[in-house]
Amino acid sequence: MADWSELPADMLEHLTGFLPIQDYHRFSAVCRNWGMVAKERRHSPAQQIPWLAMGELEDTKKRKFYDLLEDRHYYLDVPELCGTVLCGSSYGWLFTLDRKLNFRLVNPLTGECYDLPRPPPFYEGHVEREIYLDAEVLQRSLVIKAILDYDPRTRSDFTALILYGGHYTPAFWRAGNTIWTTITGIPDGPDDITFFEGKFYFVRTPCVNSCSEFYTFEVGTEPKATKFELQVSCRGDPNYIIEDINHSCTLNYLVVFGGKLHLVERFLDACESRPTTEFVLHELDLEGNNYSTCQHINGYTIFLGASASVVISPSHFHNCIKDAIYFTNLAPKLYADGTEDHGIFDMIGKNITPYYPRDVFHHALVPPIWFTPNP
């Protein structure tokens with residue numbers, strides 16, 4: 001019988017490039033030889049389905065993660081996550097904010113950590129104690145979203161960008177800086193941010209009967225964003241006009257896949273216990289200042305929420321639905337019937353189904369966010 005422990009190292013290294021993170025760790029535990037190959041990490045694990053980063057356990061303070069692929073939970077003892085709010089996630093790093101507003105970037109699987117400058121005050125010109133916000137409320141609401149341009153493990157000159165404060169003001173920080181730099185040129189209330197082809201992009205949620213606006217920003221000497229001529233009408237397609245527009249609004253996301261930038265509109269009905277009713281996808285033509293509405297996602301799966309949007313090709317994941325949008329709730333609260341607003345939106349059938357028990361999400365501080373493992 002062949003001795004599998006003696007397989008050549010180059011062959012084993014090649015095999016590790018096909019393994020999801022769960023199997024990567026199982027591979028490393030087979031024997032000493034396989035463990036040494038896995039430790040060298042010459043090949044990154046295969047594409048990962050995001051986990052849900054959730055709240056912490058009351059007794060042990062371990063952070064709870066949910067693995068969609070295997071339908072199981074992991075409880076990680078990471079001191080840097082204890083008592084923190086998760087403000088965002090990119091490339092397997094979590095942005096964390098504690099009660100004292102210490103801001104960090106943490107990789108929960110490796111323990112790596114970057115201390116970031118304290119976020120700017122909730123309202124410009126005021127310190128926190130002057131605006132009478134409870135410490136827990138301030139911790140939960142100061143940083144609305146945070147993303148990275150590159151993985152800090154691959155590029156030391158990475159940039160972080162946040163939306164913060166009462167007006168969702170954008171600001172950036174580059175490795176080595178001591179403060180956050182506010183970005184001008186964008187009216188109050190940008191809804192989402194993403195990084196695409198060397199630039200950051202912003203979108204603002206439209207008001208009723210108005211259009212979505214797009215801005216771009218490139219880190220340089222002048223921290224000012226530029227507006228695109230491109231606009232997307234929120235009622236431009238008769239196939240998805242919401243009948244009772246008075247009870248509805250939209251929340252916009254920017255998503256990159258297939259080499260293109262896309263806008264995803266999330267429709268909300270304020271009268272429903274689970275307000276999300278529908279999603280609509282548009283492919284953006286930035287050069288031609290035009291867009292086209294898509295009826296499907298070309299077999300991809302999109303994960304939307306407070307973290308950076310994630311897109312995967314689910315062909316190798318039997319537990320992941322293609323042409324679907326997995327979404328998380330918008331805020332750390334329960335809705336009228338004691339549940340939270342999350343689910344899977346089928347772009348073909350236009351229906352929403354749950355992917356997790358609706359009545360066990362809640363945590364006083366943290367709405368669940370998507371987290372892509374990066375060991």
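This report describes the strands, sheets and nonpolar cores of a predicted protein model.

**Overall make-up**

The protein has 375 residues, and 50% of them are buried. Its secondary structure consists of four helices and 25 strands. Among the contacts with a separation of 6 or more, 50% link residues that lie 24 or more positions apart. The exposed surface of the protein comes to about 17600 Å², with carbon and sulfur atoms supplying 50% of that area.

**Two open sheets**

Strands of a sheet pair through backbone hydrogen bonds, in either a parallel or an antiparallel way. One open sheet in this model is built from four strands in the order S4-S5-S6-S7, and its pairing is antiparallel. Strand S4 (85–90) and strand S7 (113–116) are the edge strands, each pairing on one side only. On average, neighbouring strands of this sheet are turned by 20° against each other, direction ignored. Within the sheet, S4 and strand S5 (residues 93–97) are antiparallel and share five bridges. Across this pair, glycine 88 stands opposite phenylalanine 95 in S5.

Another open sheet, also described by four strands, follows the order S3-S2-S1-S25 with antiparallel pairing. Strand S3 (72–76) and strand S25 (369–371) stand at its edges; each has a single partner strand, so one side of each is left without a neighbour in the sheet. Here the average turn between neighbouring strands is 35°, direction ignored. Strand S1 (residues 51–56) pairs with S25 in the antiparallel sense over three bridges, and tryptophan 51 stands opposite phenylalanine 371 in S25.

Three antiparallel strand pairs are set out below, each with one facing residue pair.

| Strand pair | Bridges | Facing residues |
|---|---|---|
| S4 and S5 | five bridges | glycine 88 and phenylalanine 95 |
| S1 and S25 | three bridges | tryptophan 51 and phenylalanine 371 |
| S8 and S9 | five bridges | valine 143 and tyrosine 164 |

**Nonpolar cores**

The largest nonpolar core has 22 residues, and those with the most contacts inside it are Phe95, Phe103, Val143, Ile162 and Trp180. Two or more residues of this core come from each of S4, S5, strand S6 (103–106), strand S8 (143–148), strand S9 (159–164) and strand S10 (169–174). A second, separate core holds 17 residues, including Leu68, Phe303, Phe317 and Tyr355.

Isoleucine 162 belongs to the largest core. Leaving out residues up to four places away in sequence, isoleucine 162 touches Phe103, Pro120, Val143, Lys145, Ala146, Thr169, Pro170, Ala171 and Trp180.

**Strand S8 and isoleucine 144**

Strand S8 is mostly covered, with five of its six residues buried. S8 and S9 run antiparallel and are joined by five bridges; in S9, tyrosine 164 is the bridge partner of valine 143.

Isoleucine 144 is also found in strand S8. Because its relative accessibility is 27%, isoleucine 144 counts as partly exposed: a buried residue would have to be under 20%. Apart from neighbours within four places in sequence, isoleucine 144 is in contact with Cys87, Leu163, Tyr164, Gly165 and Tyr168. Aspartate 192 lies 48 residues from isoleucine 144 along the chain, and the C-alpha atoms of these two residues are separated by 9.6 Å.

How values were computed:
Residues are numbered from 1 along each chain as its sequence is written. This is a predicted model: local features need pLDDT of at least 70, side-chain atom pairs count only at pLDDT 80 or more; totals for chains, interfaces and linings use all residues. Side-chain values use heavy atoms; hydrogens and water are left out. Two strands pair if DSSP finds at least two bridges between them. Axes are lines fitted to C-alpha atoms, for helices over the stretch in contact, and angles run from 0 to 180 degrees between N-to-C directions. A nonpolar core is a set of buried Ala, Val, Leu, Ile, Met, Phe, Trp, Tyr and Cys residues joined through side-chain atoms within 4.5 Å. Buried means under 20% relative accessible area, exposed over 50%, partly exposed in between (1.4 Å probe, protein chains only). Contact means heavy atoms within 4.5 Å. Accessible areas come from the Shrake-Rupley method with a 1.4 Å probe; for residues, only the protein chains shown count as cover.
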